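Please open the structure below in your viewer and keep the selection tool handy. We will take it one stop at a time.

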Amino acid sequence: MVVTKADVYEKVIFAERPVCPYCGNEMKVWALYQISFACGSRWGTPYLFICANDECRLFVDGWEHMRQTYSRPCSYRCVCYPDSGKTEMMAVYSYDKSGMIDEATIAADKARGTLKDPAVQQLLSHFQSGDIGNLLSCLFDRDVYYRVRLKAAELIGELGLLEAIEPLRNYRFRDQRIADGVRNAIRRIHDIAGTQECPYCAEIVEAGPATCSHCGRSLS
Ligand SMILES: [Zn+2]
Ligand SMILES: [Zn+2]
């Protein structure tokens, strides 16, 4: 599966935050795409962890060291690669913190697809009113966040309505995570309804009998 920037972002916000080896502060998430592409491509990742502490020893001493040694107004911040956990010094030319993602944004993004998400609350109300149509349209909408779509799939399974199976089978889910969620939902519908799909004629038949009540072939 192709790893998108959104996938990397999600991994990074749910990861345990590294601690700066120079000051002990928890690092921030830094979006590299907000700086120049040429710079960003050097790190080979759209997000890094960065020590944003202006009192950090590396950052404070860096200004002094660079001024004395090279007469240059720059310093360093400590960055950490999300994949390897490796840390590195990165030259910075100001106290600017653009691209560093604030904690409120991260907390809101982590809540997406959970019960705190209004989109999920909406799904639950569709579920309570047995509104399979709205649950399916959310599931089929590629613009909806995938965790919300997974929740829709789960609730469709819990509704246990056989009428949902045909639209679920007829739709091509390109996202493997969604396809897996849909497969589980179909299994759940059959569990609740006490049915199965005949592997030969694809008809939905009662679970249990040794032969398909539709085509008569052996189901064992
Ligand atoms: Zn630090
Ligand atoms: Zn059959």
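Here is a short tour of this predicted model, going from the overall division to single residues.

**Domains.** Start by colouring residues 5-107 as domain 1 and 111-206 as domain 2, the two parts into which the protein is divided. Over C-alpha atoms, the centres of domain 1 and domain 2 lie 41 Å apart.

**Helix H3.** Next, select residues 57-70, the 14 residues of helix H3. Put a distance between the C-alpha atoms at its two ends: they are 19 Å apart, which agrees with the 20 Å that H3 should span at 1.5 Å a residue. Step on to Ser71, just after H3, and you will find a positive phi of about 55°.

**Glu103.** Now move to helix H4, residues 103-110, and pick Glu103. Is Glu103 buried or exposed? Glu103 counts as exposed because it has 10 C-beta neighbours inside 10 Å, and the cut-off for exposed is 12 or fewer. Add Ile13 to the selection: Ile13 and Glu103 are 90 residues apart in sequence, yet their C-alpha atoms are 9.7 Å apart in space.

**Helices H6 and H7.** For the last stop, show H6 (residues 132-140) together with H7 (residues 146-159); their axes come within 8 Å and cross at roughly 145°. This crossing of H6 and H7 is left-handed. Turn on side chains for the contact: H6 brings Ile132, Leu135, Leu136, Cys138 and Leu139, while H7 brings Val148, Arg149, Ala152, Ala153, Leu155, Ile156 and Leu159. Colour the contact residues of H6 and H7 by type, and you get eleven nonpolar, one charged and no polar.

Terms used
Residues numbered from 1 in each chain as written. Chains lettered and ligands numbered in written order. Predicted model: local features only at pLDDT ≥ 70, side-chain atom pairs only at ≥ 80, totals over all residues. Helix = DSSP H or I, 4+ residues; strand = E, 2+ residues; numbered from the N terminus. Expected span 1.5 Å × (residues − 1). Domains from an automatic or database assignment. Axes fitted to C-alpha atoms, helices over the stretch in contact; angles between N-to-C directions. Left-handed = near helix turned anticlockwise from the far one by under 90°. Contact = placed C-beta atoms within 7 Å. Nonpolar A, V, L, I, M, F, W, Y, C, P; charged D, E, K, R; others polar. Buried ≥ 20, exposed ≤ 12 C-beta atoms within 10 Å, placed from the backbone.
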